[in-house]
Amino acid sequence: MLNKKEIKKIRLNFPILYNKKFNNKIIYLDNASTTQKPKNLINSIKYYYYNYNSNINRYNNNLSNKTTILINKTRNYIKKFINAKSKNEIIFTKNTTESINLISNSLKFTKNNEIIITYLEHHSNILPWLKLKKIKKIKKINIININKKYNISLKDISKKLNKNTRLISITHISNVFGTILPIKNIVKTIKRFNKQILILLDGAQSIGHIPIDVQELNIDYFVFSAHKIYGPTGLGILYGKKKKLKILKKYQLGGNMVKDVNLKRRLYLKIPNKFEAGTPNISSIISFYSVLKYLNKINLYNIYLYEKKILDYIKYKLLKINKIILYGTDKINNSSILSFNIKNINSFDVGYILNNYGIYVRTGYHCAQPLFNKLNIKQGSIRISLGIYNNYNEIDKFIYYLLKIIN
Ligand SMILES: Cc1ncc(COP(=O)(O)O)c(C=O)c1O
């Protein structure tokens, strides 16, 4: 468990928290949108542009050789970080959204196919599937309702499984309520029904907050964005089991993914390069290595325990306030995120006033509008989402200003 001294040290590694522009006052509680960046990352990007900026796979120059080696070093480290079998199972994309679109565009479907998603999904894990239905590539999208614990029940998934089910695309952690879905049991239930059903896990909200072991989870695909785990923007990851990547068609075409081209016949590179057309986000990929190494040292399980303690503290404080409507009070299966409203006060107004006190939260629908429609919550919610640098002092200040708003 991370102690006060360690958290203080971690905070010092995030320059924005001490930026004079904010009078040292910034309280950043919007980590589910994007996390702040550590010095390791900022220095690494700068070092790259100062010392070896070049394109990859240009084997006739030293700069390019170095860049190519470092790209693969990050690929290898991501493999280790999520316990994939091979570095070739790691594909670089732009973000979680692109990783999901890559799969929805590249997977073969038949007209009878059905897919399963849940009401807890982000728009990025809804819209690509709705499109498939609209252009008649699949027959049906089954949407699993949420239970009283703002989670997903295995029996509800079981009810939707049938011989036409091709894929289930599901979030690991709700970006609205912070509920951790019982993925291991969900996978067991599905694979017991039919081993061929594909499982895509959206790890955008789990990657920086709980340890990930893709082999243990036994999922077919896992997607996330680097910017959600203290890494750079513009970089996403698609992990896929080797066999499950092989069944995907090419996604984009261009340089860096082809071996031999003439106008009649093309020979494409092997996976992962086959899915990485064009110049990648080189500085982001290379610098992401330093972030992952840093987090590995802190240890994701320690991060989970620490954030959970802070989250429980916020819940305890919020539940003492009369007018608070807290969504999802499940004590066990949650992490780093919570949503609430204040009776008779609009969530947007609360966000706006908190912003004036230097407290950054997110208000509205959090790109999960179907969920709010289903729950009939008209104004969305106020969302707090934690990162490793948040501390009790910040939460006390947040509660202080919240009470001020209410009163
Ligand atoms: C659960 C979930 N999935 C997908 C996304 C999309 O991530 P990105 O915008 O980095 O593609 C988000 C972003 O908040 C998310 O929370």
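This note describes salt bridges in a predicted model.

1. The structure contains 11 salt bridges. As general background, side chains that carry opposite charges can pair when their charged atoms come close. Three of the pairs are discussed below.

2. Asp30 is paired with Arg383, and their closest N and O atoms lie 3.5 Å apart. Asp30 belongs to the loop between strand S1 (27–28) and helix H2 (39–51), while Arg383 belongs to strand S15 (residues 381–385), so this salt bridge ties together parts that are 353 residues apart in sequence. Asp30 has a relative accessible area of 12% and is therefore buried. Arg383 is likewise buried, at a relative accessible area of 1%.

3. Asp220 forms a salt bridge with Lys191, with 3.0 Å between the closest N and O atoms. Because Asp220 is in the loop between helix H8 (214–217) and strand S7 (221–225) and Lys191 is in helix H7 (residues 183–193), the pair ties together parts that are 29 residues apart in sequence. Is each partner buried or exposed? Asp220 is buried, with a relative accessible area of 0%, and Lys191 is buried as well, with a value of 14%.

4. Asp312 forms a salt bridge with Lys308, the closest N and O atoms being 3.4 Å apart. Both residues are in helix H11 (residues 300–319), where they are four residues apart, about one turn of the helix. Asp312 is partly exposed, with a relative accessibility of 29%, whereas Lys308 is buried at 11%.

5. Finally, a network should be noted: Lys191, Asp220, Lys241 and Lys244 are joined by salt bridges that share partners.

Note on methods: Residues numbered from 1 in each chain as written. Predicted model: local features only at pLDDT ≥ 70, side-chain atom pairs only at ≥ 80, totals over all residues. Heavy atoms only, no water. Salt bridge = Lys/Arg side-chain N within 4 Å of Asp/Glu carboxyl O. Helix = DSSP H or I, 4+ residues; strand = E, 2+ residues; numbered from the N terminus. Buried < 20%, exposed > 50% of the residue type's maximum accessible area, 1.4 Å probe, protein only.
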